[in-house]
Amino acid sequence: MKLAYQQMLSFFSVILITLVVTGLSFIQYITKSLYNTTYTQLANYANIVQNVFIANNSSDADTIRFLQDSETILHDQYVNFVVFDENNNVVYPTDFKTHLNKSYWHDLQENKTIKLRLLPQKNTVTREKEDQIAIIKPIFYQNKLRAAIYVGSAIANIRTSIQRIENNLLISLVVSGVIAVIMSYFLSRITVLRINRLREATHKIAKGNYDVYLQSKNHDELDSLVDDFNSMSKALAASRKEIKRQEEQRRQFLMNAAHEMRTPLTTINGLLEGLVYDAIPEESRAKSIQLMRNETKRLIRLVNDNLDYEKIRTNQIPLHEKEFNATEALSNIVSQLDNKVKDVHDTMTLKADKEVKVYADYDRFVQIMFNIMQNAVQFTTNGKIIVTAQRGDHRAIFTVSDTGIGMTPEEMRNIWERYYKADPSRKNTKYGESGLGMAIVRQLIEQHHAQIDVASQKGKGTRFTVIFSDKGYPLSSDDNKDADDE
């Protein structure tokens, strides 16, 4: 069964059941109300007869005439009277003889009004041949039972009223049922159309079209489902874009790795062949052997850098964090890079207090700052490099600024990838940079739960900002912005 018909049947069933239950309850209520109203009306007639009876005496001809006139007036309502004296004999009508049963008479003597519903075959009080609703009311005078008045009415009147109400309710039920069917159809149609819209969008997603967006009014659960679908579509689109980027980076990584390893291997192989076939003069052999050693060291360094990167990325290298003086560590790095700085005619300046405390793994801190500072030297010629260290609010802030070649926004997004270099012409320098330094820096920063930020402008220089938090004071997402302001 299609969802539209299921929805339609559900709506119609609920409406129909509601109408039937409401109708039956209404009929029950009306029936009870009609009977109670009739009992009240008959009690009022009995009160009137009681007043006349007491005033005129039960044997008075005026009382008999009053009862006859009352029956004539109430003929259309099928009301009849029977009056019993204190001895349980019929006083009116005079041509009818009967007695009330002992249980009725006992209740009357206790001044109880009796309510009855009598069937013709069980009606021994009157001569009526129809179902009767009646009351029997005792008449007391001077604290003594003087008479009992029976006032009855045919139930046919009540049944006629109830039948009329039932007919009207039946018509209402039929009309309501038709309206319910129409409403159920349109309500189910609206729901199914909304589901079909989501279904069509899902088919587009299944075919690889992730650029799908559905409008949502945030009214109900289906709109919430649409919101979730839009979030899923957006996430899938972002994932596809990221997969493509990762695939391109993987391809570039393989190309770069092959290139980085092929160059020294080609050099070593050429030199070895020259030595084997005596193609290298005797005076150049020592230089060739030294060149092979350098290229071998470069290969070893490349392999070690890759191993370090994977170990850091998979948290295989534990951190031994402690508090130490960062100024001393930075001074040592400046000294190590002195020759490189002079070779490219740069100046490197350290601006820091005598003691700047930082909480980190000492060896990894040195590795981070050495890579960033060496990177500044590599891409700066005849320029200035300024290294600063300062204390912030429960944190240590380090910046490395240079006046080098700078980077474009696209280059800044890629510097954390392995083997990526902002300046491809510098792939082979005498320092043997492999393009892994910044990737390692990023992994170590994440392992420290620290933060790093880079700002650069093409042709004007670059600035790296590194923030280490003190023990027990985790960094917030606004710390990079605060560091820039400082």
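Let's start with the sheet built from five strands in the order E2-E1-E5-E4-E3: the sheet is open, and its pairing is antiparallel. At its edges you'll find strand E2 (90–92) and strand E3 (114–118), each of which pairs on one side only. From one strand to the next, the twist averages 25°. Keep in mind as you look around that this is a predicted model.

Zoom in on one pair in this sheet. Strand E1 (residues 79–85) and strand E5 (residues 145–154) run antiparallel and are joined by seven bridges. Which residue in E5 is the bridge partner of Asp85? It's Ala147.

Two helices keep this sheet company. Helix H3 (residues 102–109) lies across E1, E3, strand E4 (132–140) and E5, and runs at about 45° to E4. Helix H4 (residues 155–206) packs on the sheet too, touching E3, E4 and E5, with its direction making about 40° with that of E5.

Now for a detail from a database record. An unreviewed UniProt entry carries the annotation "transmembrane region" for residues 6–27 and 169–187. In the model, the span 169–187 is 100% helix and 0% strand, and its end C-alpha atoms lie 25 Å apart.

**The other sheet**

Further along the chain there's another open sheet of five strands, in the order E7-E9-E10-E12-E11, and here the pairing is mixed. Strand E7 (347–352) and strand E11 (451–457) are the edge strands, each pairing on one side only. Neighbouring strands in this sheet are turned by 10° against each other on average, ignoring direction.

Inside it, E10 pairs with strand E12 (residues 461–469) in the antiparallel sense, over eight bridges. If you want a spot to look at, find Phe398: it stands opposite Val466 in E12. Helices pack on this sheet as well. Helix H7 (residues 326–336) touches E7, strand E9 (384–392) and E10, and its direction makes about 175° with that of E7. Helix H9 (residues 362–378) touches E7, E9, E10, E11 and E12, making about 20° with the direction of E10.

Here are the helix angles from both sheets in one place:

| Helix | Reference strand | Angle |
|---|---|---|
| H3 (residues 102–109) | E4 | about 45° |
| H4 (residues 155–206) | E5 | about 40° |
| H7 (residues 326–336) | E7 | about 175° |
| H9 (residues 362–378) | E10 | about 20° |

**A closer look at Asn325**

Asn325 sits in strand E6 (residues 321–325). Is Asn325 buried or exposed? Its relative accessible area is 13%, which is under the 20% cut-off, so Asn325 counts as buried. Its side chain reaches the backbone nitrogen of Thr327 at 3.1 Å, and also the backbone oxygen of Lys354 at 3.1 Å. Leaving aside neighbours within four places in sequence, Asn325 is in contact with Lys354, Glu355 and Val356.

**How sure is the predictor?**

The mean pLDDT of the chain is 80, and 86% of its residues reach 70 or more. Where is confidence lowest and where is it highest in the chain? The low end is helix H12 (residues 479–485), with a mean of 50, while the high end is strand E10 (residues 395–402), at 95. Over residues 426–432 the pLDDT is below 50, and this stretch has 21 contacts in the model beyond near neighbours in sequence. Residues 482–486 also have a pLDDT below 50, and that stretch has nine such contacts.

Definitions and conventions. Residues are numbered from 1 along each chain as its sequence is written. Side-chain values use heavy atoms; hydrogens and water are left out. pLDDT is the predictor's confidence in each residue, from 0 to 100. Helices (H or I, at least four residues) and strands (E, at least two) are DSSP runs, numbered from the N terminus. Contact means heavy atoms within 4.5 Å. Buried means under 20% relative accessible area, exposed over 50%, partly exposed in between (1.4 Å probe, protein chains only). A polar contact is a pair of N or O atoms within 3.5 Å; within protein, one must be able to donate a hydrogen and the other to accept it, and residues adjacent in sequence count only if both atoms are side-chain atoms. Two strands pair if DSSP finds at least two bridges between them. Axes are lines fitted to C-alpha atoms, for helices over the stretch in contact, and angles run from 0 to 180 degrees between N-to-C directions. UniProt positions are given in the numbering used here, feature names are shortened, and annotations may be inferred rather than shown by experiment.
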